[in-house]
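This briefing introduces the structure shown below to a reader who has not met it before. A few lead sentences come first, followed by points grouped by topic.

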Amino acid sequence: MVFTPYDWNQHLAHKSDYVEDRLREGSPVVAVSFDEGVLLLTARKSQRKIFEIYDRLMYSAIGNQADIESIRIASIDFAHQEGYGRSPDDVTVQRLVGFAISPALKRAFNDATSGPYVLRAVFAEMCKRPEEDLFLTLNYDGEFSVLSGGAAIGGTPDHEEAMGQVLSSVTGDQTPGLGQAFEIALHAWAAGRMQTGEGDETPESTDPETRWKSFVKEALQTSIVEAAVLERDTRRDRKFKVLDTSPYLDTILGG
Amino acid sequence: MLSCGGMAPISFTGADPAAALPEGLVDTQGTTVIAVKFDRGVLNVGDRRATSAHAILYDRADKVLPLDDYTLVAISGSYARAMEVVRYLRHSFKYYERSQLQPMSLEGKLAELTRMVAGNVASAMQGIGGFIPVLSAYDLEAEEGRIFFYDGLGARFETTEFAAAGSGSERIRGIFDYILRTKRPFHEMALEEALRETLTLLDIAADLDSATGGYAKIPPIAKTITQAGVEELPESKLKEMIA
C-alpha cells in the first residue's frame, strides 16, 4: 500500500473527527485556585472522575474510560518514579505533562496503525501561594496549554469558551475562598454543559443566575457533583481530599 | 555492633562483624526507640543520637518517622538503610493508594516492611545495614492503636502494650514490666502520663547505654498517632516535661 502525504493528512483529520465526535457529550471539568488550595469540580453519572496523581497534583479528564485510566496510571508511574528517584519537589505538572505525557500522546495520535486516545484532560498543581498554582489542559493530540487561576475542559471549543467566560469574569485580584470557588466552578460547569442545548428548560429571558442554578438542579436529577481539593496548609501528609459536596450545593442552590 | 532490640529473638553473637570493616564503613547506628499505647492511640519516643563505632556523629537524628497519616515507624540499627527503607515504603504506600484507589491494608503494610527487613538479612550478617523497626498504626475501624515489633529476620509480633528497639532497649526491658505491674497498663494512661513514663525510660536507657543520647541539650523526638492522624509533640512541651 502506498501512503502519500495526502493520505497522512486525511488520516489525521479522520482521527481528529472521530475523537471530537466522542468527546462532544463529555461532562465538563472545572479547576479553580482558591486561598487554601486548588479545587476540581465536575458532574458525573457513576464512574469517579477526579483523581490524585501525586502530593500536589491531581487530574481529571473527559473521554473514553480506558484512555482516562491509561493516562492516569502513566502519570502516577512517572510522578512516583521521579519523586522516589529524586525528590517530591522535583515532580511538577510542567515536567509530568510536558516531558512524559504530551509527547507520548502525540506519538500515539500520529501512529497510523493504532487508534487515538479519546481524552481531554486537566492537571492541577498546587503551589505555596494561589497565584503560583498551575493548570494544564491536555488534548488528545498532545497539545497542551498552561493556565493560572482556573481552567476548564469541555466537549467542544464552544463549551470551553462559555466556561472560560465565567471563569474570567470572576478571577479578579481577589483569591476566592473554598465556598466561592465552588460556586464559580459550578457556574462554569453549568455554562459549559448548557451549550449542549439539552436539559435547559428555562426561557432565554430568565435572569442568568436563576437560569444556571435551575439548570444545575435539573442536572442533579440524573447525575452527582463530584469535587476534590488539594489542601495548601494541611499538616497531614495527604493533601488530596474528596469533598462532601452536599453542604456547598445546599448553600448555593438553596436547599 | 548491630544494635538489635532487646526483644529481638535472634541475636548476632560471637565476633563483632563490624570490627572487620574498614574504618569509615562502620554503620551509623545506636538507639533507643520506644512505642507505647495510650488511651487515645500510640505514642513513640526516640533519642536523637547517631553513632558510628565509638564516635557520636549527630545529635539531632529523627528515628521516629511517619510512613503515612496513620502509620509511624521507629527505627534502630543502620540509619542509612533504615532511611532508604522508610523513603521506599512511603512511596510504595502512596503509589498503591493512588493507583488502586484504595488504601493499602495494615496487613499489607506490615508485609512490605517484613520484606524489607528479611531482604536485608544477608548484608546485616556481614555487619552492614542491619536495622530493626517498630511499627505503630492507628486502626480506624477498631478505633485503637496497634504496635508491631520485628526481629532481625523479619518475624513480626503484635504487642498489647509496648515495644522497644535499639541498643538501649535491652537495658530497660524489665522496667516496662515493672510499670505494668506496679502502676497500670499504658493503654489506660492519658498522653501526659504515658509521655512522662517513656521519657523516664529513655533517660534511664541513655544512662545505661553509650549509644543512646540523653536529653540534657536536645529533647528527644515524640510523635503520636490518634484518630486525627500523626502528630509531632512540640519541643517546648517536651522541654517542660523534662525540666
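Over which residues of chain B does pLDDT stay under 50? The stretch is residues 1–15 of chain B, for which the model nevertheless has 44 contacts beyond four places in sequence. The model is a predicted one, and it scores ipTM 0.92 and pTM 0.90.

**Confidence in chain B**

- The average pLDDT of chain B is 88, and 88% of its residues score at least 70.
- Within chain B, confidence is lowest in strand β1 (residues 28–29) of chain B, where the mean is 62.
- Confidence in chain B is highest in strand β2 (residues 33–38) of chain B, at 98.

**Contact between the chains**

- Chain A contributes 10 residues to the contact, and chain B contributes 8 residues.
- On the side of chain A that touches chain B, two or more residues come from each of β3 (50–54) and α2 (65–85) of chain A.
- The largest share of that side, 5 residues, is supplied by α2(A).
- Sorted by class, the side of chain A that touches chain B comprises 4 nonpolar, 2 polar and 4 charged residues.

**The open sheet of chain A**

- An open sheet is formed by 5 strands of chain A in the order β3-β4-β5-β6-β7, with antiparallel pairing.
- Its edge strands are β3 and β7 (144–147) of chain A, each of which pairs on one side only.
- From one strand to the next, the twist averages 20 degrees.
- Strand β6 (residues 134–138) of chain A is joined to β7(A) by 4 bridges in the antiparallel sense; the bridge partner of A:Leu136 in β7(A) is A:Val146.
- Helix α2(A) packs on the sheet and touches β3, β4 (57–63) and β5 (119–125) of chain A. The direction of α2(A) makes about 160 degrees with that of β4(A).
- Thus α2(A) both packs on this sheet and gives 5 residues to the side of chain A that touches chain B.

**Strands β1 and β8 of chain A**

- Strand β1 (residues 29–34) of chain A and β8(A) run antiparallel and are joined by 4 bridges.
- In β8(A), A:Gly150 is the bridge partner of A:Val32.
- Strand β8 (residues 150–153) of chain A is covered on both faces. A:Gly150 and A:Ala152 are buried on one side, as are A:Ala151 and A:Ile153 on the other.

**Nonpolar cores**

- In soluble globular proteins, nonpolar side chains tend to be buried together.
- The largest nonpolar core has 74 residues, of which A:Leu39, A:Met58, A:Phe123 and A:Ala185 touch the most other members.
- Helix α5 (residues 178–194) of chain A gives the most to this core, namely 9 residues.
- Leaving aside residues up to four places away in sequence, the residues touched by A:Leu39 include A:Val32, A:Phe34, A:Leu178, A:Phe182, A:Ala185 and A:Val229.
- Another core lies apart from that of A:Leu39 and has 55 residues, among them B:Val85, B:Phe176, B:Leu195 and B:Ala222.

**A loop residue of chain A**

- A:Gln47 is located in the loop between β2 (37–44) and β3 of chain A.
- Is A:Gln47 buried or exposed? A:Gln47 is exposed, because 9 other C-beta atoms lie within 10 Å, and a residue counts as exposed at 12 or fewer.
- A:Gln47 and A:Gln65 are 18 residues apart along the chain, and their C-alpha atoms are separated by 8.6 Å.

Technical notes
Residues numbered from 1 in each chain as written. Chains lettered and ligands numbered in written order. Predicted model: local features only at pLDDT ≥ 70, side-chain atom pairs only at ≥ 80, totals over all residues. Contact = placed C-beta atoms within 7 Å. Nonpolar A, V, L, I, M, F, W, Y, C, P; charged D, E, K, R; others polar. Buried ≥ 20, exposed ≤ 12 C-beta atoms within 10 Å, placed from the backbone. Pairing = 2+ DSSP bridges. pLDDT = per-residue confidence, 0-100. Core = buried A, V, L, I, M, F, W, Y, C linked by C-beta atoms within 7 Å. Axes fitted to C-alpha atoms, helices over the stretch in contact; angles between N-to-C directions.
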